[in-house]
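Hi,

Here is the structure I promised to send over. Have a look first, and then read on for what turned up in it.

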Amino acid sequence: MLMDGELNLKQFKELVLEDYRSALLGREARRVALAEADWRPMTSGFDVAQVALARFAEASDAFVPSGVDLTASFAKGDVSLADFFRSVFSPGADSVCHDSVGRLSVASGLALANASGGAANRRVAVCTVSGASCRGGVFYETVAYAAARSLPLCIVVWNDAAGASGGSIIRQLGGFCMSSGGRKTLVMESVKGGDYPALCRVLRQQFLVARGGATALTVVSRDEADVDSFAEWIVGKQIASRGQVDDVGASVRQEVERQRRAAYLVSVADEAPERRPRRSLMNIDSLCSASALPVMRMPADAAAVNKAIGVACSGTLPIVEASAADVSSSLFAAYPGHPVIVRSVAVEAGAFLVSSPPSAEVYAPASRAEAAGVYTSLFARPRQAVVIEPGFDAGGTGGVGGGTPAALLSEGEDATIVSFGAATHCAERAAALLATQRLRADVVHLGSLRPLDPDGLVAASLRKTKRLVVVDTDPSGLSARLVVASLALGGEALRHLMAAPAVVAPASAAKPVEPHEVCLAVAKLVG
């Protein structure tokens with residue numbers, strides 16, 4: 001955009017000031033949210049380069065995870081300032097967080113799922129990592145994996161750590177730049193963060209190569225890419241005067257404070273019974289007595305899963321409260337023979353699928369009653385498993401029983417609606433609404449995401465309906481896309497489809513999918 005000459009000088013200056021405003025908006029919103037005692041914003045900085053990323057990412061591309069790159073979400077228009085502060089003061093707000101290595105693992109899984117859609121219209125997974133994370137072997141292994149498979153993954157390294165210079169990263173990864181056939185599988189660029197036009201040129205090129213069949217890697221100097229340095233660059237290049245830059249800063253801070261105050265007043269005025277209940281893990285003390293092994297409850301801790309491995313080696317069944325980031329940075333996969341139960345109320349089921357070892361079972365119950373059935377089964381036959389609890393009772397689940405891998409909740413011939421976790425209740429209500437419009441749909445609840453549909457209910461339904469809609473609880477839609485990818489790789493389940501599968505995901509973790517959104521997706525497929 002900034003290098004082809006289609007902008008005149010006035011338009012260029014307006015665009016740069018607009019990007020400065022977006023970068024400042026992200027930084028100020030994060031700063032104010034950090035002051036709120038009830039919320040822990042898990043967001044990265046690097047605001048200027050995030051805005052540049054948003055300039056060239058398409059609407060279908062996915063930042064991983066979407067909750068981390070707050071400034072990019074603002075710049076893309078995915079999240080408004082009002083929505084952000086409503087989520088800050090919402091008692092049901094979720095903080096989705098990964099460390100850099102965890103984000104990279106999630107991004108590679110998402111890119112693998114996106115690659116199954118073909119090269120005609122590739123969706124690019126965008127991952128931002130810090131320079132400090134580039135020192136570990138996990139980073140190089142993940143990049144090698146993505147390059148070898150030509151995954152549509154754009155990795156942007158914020159070079160903010162001493163000793164992790166852009167030059168060294170480029171040199172160490174140089175061997176991956178060409179495959180044995182002479183075709184590029186990894187395209188790398190390094191750019192000085194303070195040079196904003198160069199940053200935009202490089203990022204646009206990286207998105208192009210990612211869509212063309214190569215994995216892209218960009219190294220940016222973070223020290224010269226923060227918001228204050230960006231402002232000095234704008235003034236120094238005479239793009240705007242000091243007064244204009246100060247006016248932009250003042251208007252941004254006023255808008256942030258206005259939206260913060262409005263969201264706070266709304267949260268205070270809301271009646272407590274009408275507000276979404278705070279998510280919490282269910283009490284399973286009464287179920288532990290039925291365990292075949294002695295049980296040790298372990299609280300949330302960054303290294304809790306690693307500690308649990310040692311507990312499991314001693315013949316005790318550890319029950320860990322952890323996030324997907326904790327799982328991805330653990331030794332979980334190295335000890336497949338030892339039973340460990342990981343519990344979480346996170347919506348990021350797809351992140352758990354990517355992070356946990358293939359031998360671990362992953363359950364996504366729709367209610368606490370169903371979760372209790374899952375735990376009863378795990379205590380009777382201890383094994384490695386992740387249970388992603390809904391976090392609150394959302395009502396009945398039709399015919400869903402305790403520990404059932406999959407269940408057919410309603411029958412129809414027009415479409416198949418696949419759901420898991422708390423999204424199942426939305427799918428059931430959507431099926432009821434469709435019935436009023438003379439459209440009938442199968443609703444298949446997946447109680448377990450690994451193993452996926454062991455009884456073949458989804459495959460049998462698709463042979464009849466030939467249309468698939470997957471409802472997710474994760475704003476990134478990663479879980480649903482991984483389900484689609486698993487169905488495609490697992491057999492002939494998708495061979496009967498007359499249209500591409502549709503994924504319905506919420507706008508944010510604090511705002512679940514509404515039934516009418518599922519109805520619209522079904523109606524579009526039916527035509």
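**Salt bridges and sheets**

The side chains of Asp285 and Arg297 come together in a salt bridge, with 2.5 Å from N to O. That pair links distant parts of the chain: Asp285 belongs to helix 11 (residues 285-288) and Arg297 to strand 6, 12 residues apart. Both ends are partly exposed: Asp285 has a relative accessible area of 46%, and Arg297 has 36%. Do keep in mind that this is a predicted model.

The salt bridge count comes to 16. Another one joins Asp47 and Arg30, whose closest N and O atoms are 3.1 Å apart. Here Asp47 sits in helix 2 (residues 47-56) and Arg30 in helix 1 (residues 9-34), 17 residues apart. Asp47 and Arg30 are both buried.

Then there is Glu58 with Arg211, at 3.7 Å between the closest N and O atoms. Glu58 is in the loop between helix 2 and strand 1 (62-63) while Arg211 is in helix 8 (residues 196-211), so this salt bridge ties together parts that are 153 residues apart in sequence. Glu58 is partly exposed at 36% relative accessible area. Arg211 has 17% relative accessibility and counts as buried, because the cut-off for buried is under 20%. You'll also find a network of salt bridges linking Arg27, Glu28, Asp228 and Arg253.

Now for the sheets. Strand 6, the one with Arg297, is an edge strand of an open sheet of six strands, ordered 6-7-8-10-9-14 with mixed pairing. The other edge is strand 14 (448-450). Neighbouring strands in this sheet are turned by 20 degrees against each other on average, direction ignored. Inside the sheet, strand 9 (residues 361-363) and strand 10 (residues 385-388) pair in the parallel sense over three bridges, and Tyr363 has Val387 of strand 10 as its bridge partner. Helix 12 (residues 304-313) lies across strand 6 and strand 7 (317-321), at about 170 degrees to strand 7.

There is also an open sheet of five strands, in the order 11-13-12-15-16, again with mixed pairing. Strand 11 (406-410) and strand 16 (502-504) are its edges, each pairing on one side only. The twist from one strand to the next averages 25 degrees. Strand 11 pairs with strand 13 (residues 441-446) in the antiparallel sense over four bridges, and Leu408 stands opposite Val444 in strand 13. Helix 17 (residues 457-465) lies across strands 11, 12, 13 and 15, running at about 165 degrees to strand 13.

Cheers

Note on methods:
Residues numbered from 1 in each chain as written. Predicted model: local features only at pLDDT ≥ 70, side-chain atom pairs only at ≥ 80, totals over all residues. Heavy atoms only, no water. Pairing = 2+ DSSP bridges. Helix = DSSP H or I, 4+ residues; strand = E, 2+ residues; numbered from the N terminus. Axes fitted to C-alpha atoms, helices over the stretch in contact; angles between N-to-C directions. Contact = heavy atoms within 4.5 Å. Salt bridge = Lys/Arg side-chain N within 4 Å of Asp/Glu carboxyl O. Buried < 20%, exposed > 50% of the residue type's maximum accessible area, 1.4 Å probe, protein only.
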